[in-house]
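Here is a short report on one protein chain and its ligand. Read it with the coordinates open.

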Amino acid sequence: KYAILNGKMIARSEAKVDVEDRGYQFGDGVYEVIRVYNGKMFTAKEHLKRFVKSSESIGIYIPYTIDQLTESLEELIEKNKLHLGTIYMQITRGVAPRNHAFPTADVSPTLVAYTKEVARPEDSLNSGVKTIIMEDIRWLRCDIKSLNLLGNLLAKQKAADEGCFEAIQHRGQDVTEGSSSNVFIVKNGVVITHESNNLILKGITKDVILQVCTDNNVPVEERTFTLEELEQADEVFLSSTTSEVMPIVEIDGKKVKEGLTGPVTRKLQELFEREIV
Ligand code: PDD
C-alpha cells in the first residue's frame with residue numbers, strides 16, 4: 001500500500017516523521033477522515049474545505065489547492081485499489097526544535113494521507129448502539145478538527161470500558177456531541193441537533209442529514225438541547241463519517257423507548273443510503 005507524504009507517493013511502510021514533528025510532540029495540527037464508497041470519495045469537497053478551515057484557524061497554510069488535494073487523493077485511492085474504506089489525512093506545523101511558540105515561516109508543514117479498508121457497520125446500523133453520558137471536559141474550540149484528542153479519547157475509553165460504543169458529552173445541562181460523532185434526538189417527529197458553534201465539530205455527515213431532512217420535509221431544529229430532552233426523546237441517534245446514521249438504543253443502561261430503532265431514524269438511514277450509493 002501507498003501513502004502520500006508532503007506531496008510524494010511512497011510506500012506506506014516508508015512514511016515516517018521526525019520525533020520533533022510538532023504533531024508528534026504537541027498535537028499541533030489538524031486532520032480529516034473521508035469515506036470512500038465504490039472507490040469514490042463521499043463529500044470530498046466538504047471535508048477538504050473543513051480541512052483548510054481548521055488548518056488556517058491555527059495558522060497552518062496548506063501548500064496545495066483543494067483541486068490539487070482532490071487529485072492526489074484520487075490517485076491514492078487508485079494506487080491502493082481502495083473500494084470501500086477511509087482516507088485519513090493530517091497536517092502538522094512541521095519539524096522544528098521543541099518550543100511552544102510557532103517556528104519561523106521557513107518551516108514547512110508535514111502533510112500525510114493514507115487509506116484503510118473499512119466495511120460499513122451494518123450490524124450496528126441495524127441493531128443500534130449503547131452509550132454513556134459524560135461531562136464534556138474538552139476545550140472551547142471543538143469546531144477545529146484538532147489532532148489533540150485527549151478529551152475525546154478519555155470519553156471514548158470510558159464508554160468502551162462500560163461495554164458501550166460512544167460517550168454522549170454535556171456541558172452543564174446542555175448536550176454537546178459524542179466523542180467522535182454528532183448527536184441527534186427526535187421528539188414528536190422533529191429532528192434536533194446542537195447548532196454548529198465552537199462547542200462541537202460541524203460534522204459533514206450531520207450536514208448531509210440536515211439537508212436530507214430539509215429535502216424530504218422532515219422538520220429539523222439546530223439548537224442546543226438538554227439532558228432532560230435527551231432522556232425524554234422518542235429516538236436518539238449519532239452521526240459520523242464511519243458511523244453514518246447510527247441508532248442509539250441505550251443510554252447509561254436505560255433503553256431509549258423500547259430499545260429499538262425508531263421510525264424517523266430508520267427513514268433517515270434509508271435517505272442517507274440513497275446519497276451514498
Ligand atoms: N470523527 N464530532 C467529533 C468530535 C468527531 O470527531 C467527528 C468525526 C464528528 C462527525 O464528523 P463527520 O460527520 O464529519 O465525520 C463529530 C472522525 C470520523 C474521527 O475522528 O475518526
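Helices (H or I, at least four residues) and strands (E, at least two) are DSSP runs, numbered from the N terminus. A residue is near a molecule if its C-beta atom, placed from the backbone, lies within 6 Å of it. Those two rules set the terms for the ligand shell below.

**Model and confidence**

This is a predicted model: local features need pLDDT of at least 70, side-chain atom pairs count only at pLDDT 80 or more, and totals for chains, interfaces and linings use all residues. Residues are numbered from 1 along each chain as its sequence is written. The pLDDT is the predictor's confidence in each residue, from 0 to 100. Here the chain averages 98, and 100% of the residues score at least 70. Both ipTM and pTM come out at 0.98.

**The ligand shell**

The ligand is surrounded by 15 residues. Leu-201, Gly-203, Ile-204, Thr-205 and Thr-241 are the closest. Which elements supply at least two residues each? They are α6 (204–215) and β14 (235–240). Helix α6 gives the largest share, with 3 residues.

By residue class, the shell holds 3 nonpolar, 10 polar and 2 charged residues. Ala, Val, Leu, Ile, Met, Phe, Trp, Tyr, Cys and Pro count as nonpolar; Asp, Glu, Lys and Arg count as charged; the others, Gly among them, count as polar.

**The six-stranded sheet**

Strands of a sheet pair through backbone hydrogen bonds, either parallel or antiparallel. In this account, two strands pair if DSSP finds at least two bridges between them. An open sheet of 6 strands runs in the order β2-β1-β6-β5-β3-β4, with antiparallel pairing. Its edge strands are β2 (8–11) and β4 (40–41), each pairing on one side only.

Follow β5 (residues 85–92) first. On one side, 8 antiparallel bridges link β5 to β3 (residues 29–37). Another 8 join β5 to β6 (residues 110–117), again antiparallel. Strands β1 (residues 2–5) and β2 are antiparallel too, with 4 bridges. Some facing residues are listed here.

| Residue | Stands opposite | Strand of the partner |
|---|---|---|
| Val-33 | Tyr-88 | β5 |
| Thr-86 | Lys-116 | β6 |
| Ile-87 | Thr-115 | β6 |
| Ala-3 | Ile-10 | β2 |

How covered is β5? Of its 8 residues, 6 are buried. Buried means that 20 or more other C-beta atoms lie within 10 Å of the residue's own; exposed means 12 or fewer; partly exposed is in between, with C-beta atoms placed from the backbone.

**Two nonpolar cores**

In soluble globular proteins, nonpolar side chains tend to be buried together. A nonpolar core is a set of buried Ala, Val, Leu, Ile, Met, Phe, Trp, Tyr and Cys residues joined through C-beta atoms within 7 Å. The largest one has 35 residues. Phe-184, Ile-185, Val-236, Phe-237 and Ile-248 have the most contacts inside it. A second, separate core has 21 residues, including Val-36, Ile-87, Met-89 and Ile-91.

Take Val-236 as an example. Two residues are in contact if their C-beta atoms, placed from the backbone, lie within 7 Å. Leaving out residues up to four places away in sequence, Val-236 touches Phe-184, Ile-185, Leu-230, Ile-248, Ile-251 and Val-256.

**Loop residues**

Val-95 sits in the loop between β5 and β6. It counts as partly exposed because it has 19 C-beta neighbours inside 10 Å. Beyond four places in sequence, Val-95 touches Asp-18, Glu-20, Asp-21, Val-107 and Thr-110. From Val-95 to Ile-248 the C-alpha distance is 42 Å, with the two residues 153 apart in sequence.

Trp-139 belongs to the loop between β7 (129–135) and α5 (150–161). Trp-139 is partly exposed, because 13 other C-beta atoms lie within 10 Å. Leu-199 is 60 residues apart from Trp-139 along the chain, yet their C-alpha atoms are separated by 8.2 Å.

**Asparagines with positive phi**

Asn-6 takes a positive phi near 50° in the hairpin of β1 and β2, which has 2 residues between the strands. Asn-38 lies in the loop between β3 and β4. Its phi is also positive, near 50°. Why does Asn-38 count as exposed? Because it has 9 C-beta neighbours inside 10 Å.

Asn-217 is in the loop between α6 and β12 (220–222). Phi of Asn-217 is positive, about 55°, although the residue is not a glycine. With 6 other C-beta atoms within 10 Å, Asn-217 is exposed.
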